[in-house]
Amino acid sequence: MADGTRAIKSHGPDGPDMEPVAVLVTALWAMLPAYVPNNAAVLAGGGRPIDGGRTWGGSRLLGDGKTWRGTAAGTLAGFALALVLNAVNATAESLLGFGPPRFSLLAAVGLAFGAMCGDIAASFLKRRTGRERGAPFPGLDQLDFVVGALCVAAVLDFGWVSGVFSFPVLAVVLLVTPLLHVLTNAIAYAIGVKDEPW
């Protein structure tokens, strides 16, 4: 049985029979390597911008906030978290009564790097719509990294993504992520890590 489908298979062959708690835990567990990278990138940011200062149509391609160092740090942080979650998987299973998904190496890389790609793509779209760095873009701000993470992970390990992200799990990700995004950004703003609370 594929590692990524353990939590789903333990409650039903196609995922819908999972209990609500299992759906919520699976969704959050599977997305943790994608939730961490952008925060890690902020903490480790600085350095050379990815766009090298280039402009398009009078505005920056991405801006100073998207750097090579931040992207590398975010990707490594997400990948490392996936490895930690794999290491504690057996303990989590004994506590929860079901096995949360284990990450394949390709899925771990895809989630972490994809989250960074999603954020970079959102920055590009913001510049094209005339928004300055840090300006809010409702919807895009909350889900850009989710789309990027799932797309890149699916390209690298489609079997893992399709096995873990059943419709109920994906629905929870899309509903809960914006709430978590708002909460974590508000906390980061309150402690002075971010310049804006969104």
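pLDDT is the predictor's confidence in each residue, on a scale from 0 to 100. The structure treated in these exercises is a predicted model.

**Exercise 1. Establish where confidence in the chain is lowest and where it is highest, and decide how the low end should be read.**

Start from the whole chain, whose mean pLDDT is 81, with 76% of its residues reaching 70 or more. Then go to the elements: the lowest confidence belongs to helix 1 (residues 6-9), with a mean of 40, while the highest belongs to helix 8 (residues 158-164), at 96. Next take the stretch of residues 5-16, over which pLDDT stays under 50, although the model has 29 contacts beyond four places in sequence for it. Where pLDDT is low, the predicted coordinates should not be read in detail.

**Exercise 2. Describe the order of secondary structure elements in the chain, and then the makeup of the largest nonpolar core.**

The chain holds nine helices and two strands, and, read from the N terminus, these elements follow the order α-α-α-β-β-α-α-α-α-α-α. Of the 198 residues, 42% are buried, and among contacts between residues at least 6 apart in sequence, 70% join residues at least 24 apart. The largest nonpolar core has 28 residues, and those with the most contacts inside it are Met31, Phe103, Leu111, Trp160 and Phe165. At least two residues of this core come from each of helix 2 (20-35), helix 4, helix 6, helix 7, helix 8 and helix 9 (167-190), the largest share, seven residues, being that of helix 2.

**Exercise 3. Work out why Gly114 counts as buried whereas Phe113 counts as partly exposed, and place both residues in their surroundings.**

Gly114 is found in helix 6, and Phe113 lies in helix 6 as well. A residue is buried under 20% relative accessible area and exposed over 50%, with partly exposed in between. Gly114 has a relative accessible area of 0% and is therefore buried, whereas Phe113, because its value is 36%, is partly exposed.

For the surroundings, leave out residues up to four places away in sequence: Gly114 then touches Val109, Phe145, Gly148, Ala149 and Val152. Gly114 also lies 8.1 Å from Val146, C-alpha to C-alpha, with their positions 32 residues apart in sequence.

Phe113 belongs to a nonpolar surface patch together with Leu106, Val109, Val155 and Leu156, the accessible area of the patch being about 430 Å². Helix 6 (105-128) and helix 7 (140-156) each supply at least two residues of the patch, and the largest share, three residues, comes from helix 6. Phe113 is also touched by Thr71, a residue of helix 4 (residues 68-87) that counts as buried because its relative accessibility is 10%.

**Exercise 4. Identify which residues form the two salt bridges, and state whether the partners are buried or partly exposed.**

Side chains of opposite charge can pair when their charged atoms come close. The structure holds two salt bridges. In one, Asp64 pairs with Arg60, the closest N and O atoms being 2.9 Å apart; Asp64 is partly exposed at 45% relative accessibility, and Arg60 is partly exposed at 22%.

In the other, Asp119 pairs with Lys66, with 3.2 Å between the closest N and O atoms. This pair links distant parts of the chain, since Asp119 lies in helix 6 and Lys66 in the loop between strand 2 (59-60) and helix 4, 53 residues apart. Both Asp119 and Lys66 are buried.

Key:
Residues are numbered from 1 along each chain as its sequence is written. This is a predicted model: local features need pLDDT of at least 70, side-chain atom pairs count only at pLDDT 80 or more; totals for chains, interfaces and linings use all residues. Side-chain values use heavy atoms; hydrogens and water are left out. Helices (H or I, at least four residues) and strands (E, at least two) are DSSP runs, numbered from the N terminus. Buried means under 20% relative accessible area, exposed over 50%, partly exposed in between (1.4 Å probe, protein chains only). Contact means heavy atoms within 4.5 Å. Patches are made of residues with over 30% relative accessible area and no salt bridge: like charges are joined within 9 Å, nonpolar side chains (Val, Leu, Ile, Met, Phe, Trp, Tyr) within 5 Å. Accessible areas come from the Shrake-Rupley method with a 1.4 Å probe; for residues, only the protein chains shown count as cover. A salt bridge is a side-chain nitrogen of Lys or Arg within 4 Å of a carboxyl oxygen of Asp or Glu. A nonpolar core is a set of buried Ala, Val, Leu, Ile, Met, Phe, Trp, Tyr and Cys residues joined through side-chain atoms within 4.5 Å.
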